Amino acid sequence: MKVKSKKKNNKGFTLVEIMIVLALVVMLGSFAGVKLIDQFKKAKGDATRAQIASFKQALDAYYLAHNSYPETGQGLEALISKPTSGKVPENYPDGGYLGKKSIPKDPFGGTYHYACDDGQTYTITSDGADQKPDTADDIKSE
């Protein structure tokens, strides 16, 4: 008589195999997370540049109507309401030049900085992601 030996049929994963798969998934997730964060920062920078471009258009309309840009003290607020100090424009339109009720924050949550000393040239600056002025990540009008 022959005695058949029973072989165990193991149909599962070992703990080591599961740990290896989990480690691979975590590594892939961390690489993807870093790429997503980089893309998110890039998108905020692009949105900041788009907002600055809309300010530039409104400032050009202001310049055409008044033959100068708003002064630094008047700031970008001169695009939404008639300035009350400095060189006050005579024929200011009712809706302003920007079509908004307030100057929006930059996509990083900071404020835009506007400077115009001579009425002919200006700069608009966002402090960027670090919210510190005069650093490498600042976004400026060109």
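1. In this predicted model, K42 forms a salt bridge with D46, in which the closest N and O atoms are 3.2 Å apart. The two residues are 4 places apart in helix α1 and are therefore separated by about one helical turn. K42 is partly exposed, its relative accessible area being 48%, and D46 counts as partly exposed too, at 38% relative accessibility.

2. D46 also takes part in a second contact of this kind, since the side chains of R49 and D46 meet in a salt bridge with an N to O distance of 3.6 Å. R49 and D46 are 3 residues apart in helix α1, which again places about one helical turn between them. R49 counts as partly exposed, with 48% relative accessibility. An α-helix has 3.6 residues a turn, so residues three or four places apart point the same way. Taken together, K42, D46 and R49 are linked in a network of salt bridges, and the count of salt bridges comes to 2.

3. The helix that carries this network deserves a description of its own. Helix α1 covers residues 15-66, has 52 residues and reaches 76 Å from its first C-alpha to its last, which is close to the 76 Å expected at 1.5 Å a residue. After α1 comes N67, a residue whose phi is positive, near 65°. A separate distance can be read alongside that span: the C-alpha atoms of I18 and Y69, which are 51 residues apart along the chain, are separated by 66 Å.

4. Which residues form a nonpolar patch on the surface? They are V16, I20, L24, M27, L28 and F31, and together they have about 650 Å² of accessible area. M27 lies in helix α1 and is partly exposed, with a relative accessible area of 46%. I18, which also lies in helix α1, is partly exposed as well, its relative accessible area being 39%.

5. The buried residues of α1 are G45, T48, I52, F55, A58, L59, Y62 and H66. These buried residues pack against three strands, namely β1 (113-115), β2 (123-126) and β3 (139-140). T48, in helix α1, serves as an example: because its relative accessibility is 0%, T48 counts as buried. When its neighbours within four places in sequence are left aside, T48 is in contact with P107, F108, Y112, S126 and I139.

6. The strands themselves make up an open sheet of 3 strands, in the order β1-β2-β3 and with antiparallel pairing. Its edge strands are β1 and β3, each of which pairs on one side only. How many bridges join β1 to β2? There are 3, and these two strands run antiparallel. Within that pairing, A115 has T123 in β2 as its bridge partner, while H113 stands opposite T125 in β2.

7. On the other side of the sheet order, β2 and β3 pair in the antiparallel sense over 2 bridges. Here T125 stands opposite K140 in β3. T125 is thus a useful residue to locate when tracing the sheet by eye, as T125 is placed opposite H113 and also opposite K140.

Terms used: Residues numbered from 1 in each chain as written. Predicted model: local features only at pLDDT ≥ 70, side-chain atom pairs only at ≥ 80, totals over all residues. Heavy atoms only, no water. Expected span 1.5 Å × (residues − 1). Buried < 20%, exposed > 50% of the residue type's maximum accessible area, 1.4 Å probe, protein only. Contact = heavy atoms within 4.5 Å. Pairing = 2+ DSSP bridges. Patch = residues over 30% accessible without salt bridge, like charges linked within 9 Å, V, L, I, M, F, W, Y side chains within 5 Å. Areas by Shrake-Rupley, 256 points an atom, 1.4 Å probe, with all protein chains shown as cover. Salt bridge = Lys/Arg side-chain N within 4 Å of Asp/Glu carboxyl O.
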